[in-house]
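Student: Please take a close look at one part of this structure, the surroundings of the ligand. Then place that part in the rest of the protein, and explain each term as you use it.

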Amino acid sequence: MTAPTSMLLTGISELWTLDPALDDPAAPGGVAEGQVLREAALVIQDGKVAWTGPAAEAPAADAREDLGGRAVLPGWVDSHSHLVFDGDRAAEFEARMAGQAYAAGGIGVTTSATREASDERLRALVRGRLAEAAAGGTTTMETKTGYGLTVADEARAARLLADLAADGEIDELTFLGAHLVPGEFEGRAEEYVDLVCGEMLEAVAPHVRWIDVFCEEGAFDPEQSARVLRAGAEAGLGLRVHGNQLGRSGGVALAAELGAASVDHLNHLDSSDVETLAATASRPVAPEGGVAPEGAGPSADGGAADGHSSGRLTVDQGPTVATVLPACDLSTRAPLAPARELLDAGAVLAIASNCNPGTSYTSAMGFCVATAVLQMRLSLAEALRAATRGGALALRRTDVGHLGIGARADLHVLDAPAAIHLAYRPGMPLTHQVLRAGVRVH
Ligand code: NIG
């Protein structure tokens, strides 16, 4: 057995711990004074955060590195992506920029290319995309199946992802057999839903924690979506929904009603949808295998703070997080999701990349955060919290998205003295280094 080593990081001009133990709902932007330290230091021990505080009070450690006056954030928690695909849809994108509207049909193009790809090629493509995400500061990633759409192809994607998860390369996996009715089922959507809820779910469920559905005109209507989600819940999976992307699809109402952990996109909301999501914010969370502490609200997402060690919350309790996808909104020229209104109404907000070949071919979370500040009128604190703690809650995780004591040591070191540079210098390569569980991954 190797002796545990500790690493002291000094020279941190601004340290965003976002420590859940210090949560104060009245704090501006949801970030309390003590959750951002100046002239700070941090100790990592055995892959976890062991100490944070003023540099002048830092304890001794086995090793030490001076970060030279840089800002440190928790690694991004990207709670929505579709990384298992082959093929290129640049021509579709170009046509869209020339005025064509986005329609779900392009999913079929990627599905054909993905079915044809060898296992080795798909694995290499996914690993390349994970490396790109890490290079931008992402340390926790959710990704979905959804470009296979046969029992064999969906199971293949799920197995590939489960292997990467077993190697610690990815965190959260989702079954999205209900992404589109594939061409061979044209005119037989109900039969395809039967397949998704039956044989396909049975083949994929052992490999994943979540089930998702694209609830939208041209994909699955609310009744079909409910069928898919209920079958997933029955199989023990947590629920996620693509909702209200192209119109008021009913996805938001369905997600809230069925207790989904997240509903994502949200480009077409009216005030009742906003209220519906806000009303879920007070639903208590509970540690996996335990019960919610008396009176616990979503701030019981306290990771180390509430003492449980799995780092996971149960998938079927807690708020339906409103997940906005700024890069997708830009890439489809959709109305921006009303992140400001959602926060003002009291909804829990997450920001994710939605990296996929059709609507958002980027995993650059820093760009998403900059867009949320510049275009969606969030404060920096609100946007940072949504891209870290928000994503973690959307994935029912307590061990990531913050740098409180006991959290996984996922650090995003910026080549800048303060995090506001992410919005002040949008698009610049501001990632200096990235640590995942204390190990440098970029
Ligand atoms: O989240 N909306 C559904 N799924 C993806 C788009 C997939 C595609 O067009 O390939 C999304 O935007």
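Tutor: What follows starts with the model itself, goes on to the ligand, and then moves outward to the domains.

Residues are numbered from 1 along each chain, in the order in which its sequence is written. The model is predicted, and local features need a pLDDT of at least 70, side-chain atom pairs count only at pLDDT 80 or more, and totals for chains, interfaces and linings use all residues. Here pLDDT is the predictor's confidence in each residue, from 0 to 100. The protein averages a pLDDT of 95, and 95% of the residues score at least 70. Residues 303–307 have a pLDDT below 50, and this stretch makes 18 contacts in the model beyond near neighbours in sequence; two residues are in contact if their C-beta atoms, placed from the backbone, lie within 7 Å. Where pLDDT is low, the predicted coordinates should not be read in detail. For the complex, the predictor gives an ipTM of 0.98 and a pTM of 0.96.

Now the ligand. There are 13 residues around it, and Gly106, Ile107, Asn356, Gly358 and Thr359 come nearest. A residue is near a molecule if its C-beta atom, placed from the backbone, lies within 6 Å of it. By class, the shell has four nonpolar, nine polar and no charged residues. Ala, Val, Leu, Ile, Met, Phe, Trp, Tyr, Cys and Pro count as nonpolar, Asp, Glu, Lys and Arg as charged, and the others, Gly among them, as polar.

Helix α2, residues 106–116, gives the most to this shell, with three residues. Helices (H or I, at least four residues) and strands (E, at least two) are DSSP runs, numbered from the N terminus. In α2, Ile107, Thr110, Thr111 and Thr114 are buried. These four residues lie on the same side of α2 because they cover an arc of only 105° around the axis; the arc is that of the directions from the helix axis to the C-beta atoms. An α-helix has 3.6 residues a turn, so residues three or four places apart point the same way. A residue is buried if 20 or more other C-beta atoms, placed from the backbone, lie within 10 Å of its own, exposed if 12 or fewer, and partly exposed in between.

Another residue to look at is Asn354, in the loop between β12 (349–351) and α11 (365–374). Asn354 has 29 C-beta neighbours inside 10 Å, so it counts as buried. Its phi is positive, about 55°, although Asn354 is not a glycine. Most residues other than glycine have a negative phi.

On the wider scale, the domain assignment, which is automatic or from a database, gives domain 1 (6–74 + 407–440) and domain 2 (76–394). Their centres, taken over C-alpha atoms, are separated by 28 Å. Domain 1 puts 24 residues into the contact and domain 2 puts in 27 residues. On the side of domain 1 that touches domain 2, the elements giving two or more residues are β4 (63–74), α13 (421–424) and β14 (431–436). Of these, β14 gives the most, with three residues. By class, this side of domain 1 has 16 nonpolar, five polar and three charged residues.
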